[in-house]
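Here are some notes to read alongside the structure, written as numbered points. Please keep the sequence and the 3D view open while you go through them.

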Amino acid sequence: MLQKPSCLCDATADALLRAPLVDRFGRVARKLRLSVTDRCNFRCHFCMPLNPVWLPKEHLLTYEEMVWVARLLAGMGVTKIRLSGGEPLIRRDVDALVAMLAAIPAVESVTMTTNGFYLLEMAARLKAAGLSGVTVSLHSLKPDRFEGIVGRREVFDRVMAGIAEARRVGLPVKVNVVITRGCNDDEILDFTELARRTGMTVRFIEYMPFDGQKLWSSERLVSGAEILERIGERYLLVPLPREPGSTAQVYRFADGAPGEVAVITSMTLPFCDDCDRIRLTADGKIVPCLFSRDEYDLRPLLRGGADDVELARFIRAAFWRKFAGVETLLRTAQHVGHVRPMHTIGG
């Protein structure tokens with residue numbers, strides 16, 4: 001049960017705990033991106049520094065603390081939770097966290113983004129725990145290239161087996177691929193064929209300035225428009241209605257083939273106006289906007305005796321300050337540079 005302090009009237013407490021979570025631009029939070037760890041067993045150059053410094057384990061939120069925050073956010077109208085990392089399946093017994101989050105009455109779905117390395121062992125456990133779906137980061141279909149990108153040898157077949165196992169146990173699978181010019185942009189049609197062959201949704205993501213090695217540049221960015229143009233040379237695509245707050249524009253194949261493709265145009269055609277996400281890092285920092293360096297540390301309150309209303313007040317104040325978004329930077333010709341390594345926030 002949510003606890004109310006005796007010093008506040010019921011109406012004030014209920015407003016803090018139950019009213020929609022709104023920022024200063026009128027955007028309402030509906031989705032939580034929850035990073036469960038900053039650690040990862042891969043070393044993708046567009047995500048990880050060469051020599052990452054991990055968070056001390058004692059700084060990581062416990063599962064109970066994560067669920068506490070998730071319950072509060074669910075009371076404010078958040079209905080969808082996506083677990084990320086780092087690599088979330090590195091965190092021991094993460095399926096127990098999935099089960100606790102899925103049991104929150106107002107939560108409609110709990111999904112996960114993963115590199116797929118541990119899916120072969122974990123897919124059935126995650127499905128049984130209540131996971132609604134999984135998105136696998138897969139940045140090449142060429143084994144040698146893939147293993148060069150992730151910095152690990154002999155892992156491609158394991159990741160592909162993990163995808164197959166997730167599908168076998170009934171977990172819906174999407175594939176994320178970050179397209180980088182000169183690296184894997186020659187595989188756009190290969191990934192399109194993967195969607196058609198398997199019926200999965202393949203989501204092409206524009207390269208963003210969250211690479212740990214700070215290699216990002218506009219010259220390496222392949223726009224969503226260019227990706228769609230290349231696909232359109234072979235297949236006619238039909239856009240599907242965009243879900244409010246969605247990061248992706250999804251397309252089906254006009255010839256009725258199974259599968260879908262999508263583009264996430266964070267850099268060239270961002271979706272800031274109806275952004276409905278709030279992020280929580282593995283060490284308890286609220287990040288209202290991916291493209292802002294603003295962070296608000298909730299952990300001292302979680303471990304310092306705060307009650308639900310105090311936590312709710314802090315969350316509301318942090319979310320109210322949410323940055324307008326990268327769209328504002330682009331519109332005003334401001335420089336868009338490195339923000340933070342992606343492994344610290346999970347996308």
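1. A good place to begin is Cys275, which, once its neighbours within four places in sequence are left aside, is in contact with Arg27, Val28 and Lys322. Please bear in mind from the start that this is a predicted model, so that every contact named in this note belongs to a prediction.

2. Where does Cys275 lie in the chain? Cys275 is part of the loop that runs between strand 9 (260–264) and strand 10 (277–280). With a relative accessibility of 9%, Cys275 counts as buried, because the cut-off for that word is under 20% relative accessible area.

3. Cys275 also appears in an annotation, since the unreviewed UniProt entry places a "binding site" feature at Cys272, Cys275 and Cys289. These residues span 18 residues in sequence, yet no two of their C-alpha atoms are more than 9.4 Å apart, so they gather at one spot. Cys289 belongs to another loop, the one between strand 11 (285–287) and strand 12 (296–297), and Cys289 is buried as well, with a relative accessible area of 10%.

4. A further "binding site" feature in the unreviewed UniProt entry covers Arg33, Arg82, Thr113, Lys174, Arg277, Ile278 and Arg279. Two of the residues in that record, Arg82 and Thr113, are taken up in the next points.

5. Is Arg82 buried or exposed? Arg82 is buried, as its relative accessible area is 15%, and its place is in strand 2 (residues 80–84). Beyond its neighbours within four places in sequence, Arg82 is in contact with Leu32, Arg33, Leu34, Thr111, Met112, Thr113 and Thr135, and Arg33, one of these partners, is itself listed in the annotation.

6. Thr113 sits in strand 3 (residues 109–114) and is buried, with a relative accessible area of 17%. When residues up to four places away in sequence are not counted, Thr113 touches Arg82, Leu83, Ser84, Pro88, Thr135 and Ser137. The side chains of Thr113 and Arg82 are joined by a polar contact of 3.0 Å, and Thr135 is a contact both of Arg82 and of Thr113.

7. Finally, a word on confidence: the chain averages a pLDDT of 91, and 89% of the residues score at least 70. Over residues 1–6, however, pLDDT stays under 50, although the model has 14 contacts beyond four places in sequence for this stretch.

Notes. Residues are numbered from 1 along each chain as its sequence is written. This is a predicted model: local features need pLDDT of at least 70, side-chain atom pairs count only at pLDDT 80 or more; totals for chains, interfaces and linings use all residues. Side-chain values use heavy atoms; hydrogens and water are left out. UniProt positions are given in the numbering used here, feature names are shortened, and annotations may be inferred rather than shown by experiment. Helices (H or I, at least four residues) and strands (E, at least two) are DSSP runs, numbered from the N terminus. Buried means under 20% relative accessible area, exposed over 50%, partly exposed in between (1.4 Å probe, protein chains only). Contact means heavy atoms within 4.5 Å. A polar contact is a pair of N or O atoms within 3.5 Å; within protein, one must be able to donate a hydrogen and the other to accept it, and residues adjacent in sequence count only if both atoms are side-chain atoms. pLDDT is the predictor's confidence in each residue, from 0 to 100.
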